[in-house]
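Thanks for coming, everyone. Please look at the screen while I talk.

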Amino acid sequence: MAVTLTAICTIVLLAVLWIKRTKDRNEMERHSITPEGLHTLLASNRDVLVFDIRQPLDFLANSEIITGAMRLSPKEVLENPSLIPKEKDSVVYCTCPSDKTSRAILHRALALHFLRIKFLKGGLGGWKAMGYPVEPYQKPFHLDTGT
């Protein structure tokens with residue numbers, strides 16, 4: 001009897017975890033945009049804000065930025081999400097292999113009911129791989145790496 005109950009609890013737990021993971025994956029997909037999609041939005045002159053939210057050391061290693069993007073450190077955005085306007089369409093990007101920083105910012109923004117934010121799939125690398133424009137970033141920035 002105890003073995004059967006344990007098996008049932010394990011199956012239910014696995015089902016709940018699978019459902020949550022599927023829901024999270026679908027939400028991430030809904031709040032993502034491909035480089036092609038972003039390029040199309042920008043080319044159509046739609047009012048969309050683009051934010052480079054790379055970690056400071058990543059930014060130091062490659063200080064190019066998507067043309068027209070604004071630079072914000074992830075720490076600044078996590079501490080003060082209102083730096084990204086809630087009422088405007090926004091796209092964030094980073095250079096993490098799995099878009100880790102962008103996803104963290106997106107999770108925080110969604111928890112605060114920012115519904116018009118997306119993350120750029122593939123980040124800056126995906127953008128540049130498509131041959132889309134970047135420009136050198138020449139403003140000073142802090143190398144604060146604290147999390």
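Start with I66. What does I66 touch, leaving out residues up to four places away in sequence? The list is Y93, L120, L124, W127, P133 and V134. Keep in mind that this is a predicted model.

Now widen the view. I66 belongs to the largest nonpolar core, which has 16 residues. L38, I66, Y93 and L120 are the ones with the most contacts inside that core. Which elements each supply at least two of its residues? Two helices do: α2, at 35-43, and α6, at 123-129. Strands β2 (48-52), β3 (64-66) and β5 (89-93) do as well. Another core lies apart from this one. That other core has 14 residues, including F51, L110, F114 and I117.

Next, the whole chain. How many helices and strands are there? Six helices and seven strands. Follow the sequence and you read α-β-α-β-α-β-β-α-β-α-β-α-β. The chain has 147 residues, and 34% of them are buried. Now take the contacts with a separation of 6 or more. Of these, 72% join residues 24 or more positions apart. What about the outside? The chain exposes about 9,200 Å². Carbon and sulfur atoms supply 62% of that area.

On to empty space. How many cavities of 30 Å³ or more turn up in a search of the whole structure? One. The volume of the largest cavity is about 40 Å³. Its lining is made of V77, L78, P81, I84, I105, R108, A109 and F114. Two elements give two or more residues to that lining: α4 (74-79) and α5 (100-111). Helix α5 gives the most, with three residues. Sort the lining by class and you get seven nonpolar residues, no polar ones and one charged one. You met F114 a moment ago: F114 is in the 14-residue core, and F114 also lines the largest cavity.

Stay with helix α5, where T101 has its place. Is T101 buried or exposed? T101 has a relative accessible area of 7%, and the cut-off for buried is under 20%, so T101 counts as buried. Leave out residues up to four places away in sequence, and T101 touches I53, Q55, P74, C94 and C96.

Step back along the chain to T95. T95 sits in the loop between β5 and α5. Why is T95 called partly exposed? Because its relative accessible area is 33%, between the 20% and 50% limits. T95 touches R54, D58 and L124, again not counting residues up to four places away. Look at D58 in particular. T95 and D58 are 37 residues apart in sequence. In space, they are 7.4 Å apart, C-alpha to C-alpha.

Last stop: H113. Where is H113? In the loop between α5 and β6, the strand at 117-120. Its phi is near 70°. That is a positive value in a residue other than glycine. H113 has a relative accessible area of 58%, over the 50% cut-off, so H113 is exposed.

Quick recap. I66 is among the residues with the most contacts inside the largest nonpolar core. Helix α5 gives the most to the lining of the largest cavity. T101 is buried, T95 is partly exposed, and H113 is exposed.

Note on methods: Residues numbered from 1 in each chain as written. Predicted model: local features only at pLDDT ≥ 70, side-chain atom pairs only at ≥ 80, totals over all residues. Heavy atoms only, no water. Core = buried A, V, L, I, M, F, W, Y, C linked by side-chain atoms within 4.5 Å. Buried < 20%, exposed > 50% of the residue type's maximum accessible area, 1.4 Å probe, protein only. Helix = DSSP H or I, 4+ residues; strand = E, 2+ residues; numbered from the N terminus. Contact = heavy atoms within 4.5 Å. Areas by Shrake-Rupley, 256 points an atom, 1.4 Å probe, with all protein chains shown as cover. 1 Å grid on protein atoms, 1.4 Å probe; cavity = no way out; pocket = protein on both sides within 12 Å on 5 of 7 lines; lining within 4 Å. Points joined across faces, edges and corners; volume = space filled by probe spheres on them. Nonpolar A, V, L, I, M, F, W, Y, C, P; charged D, E, K, R; others polar.
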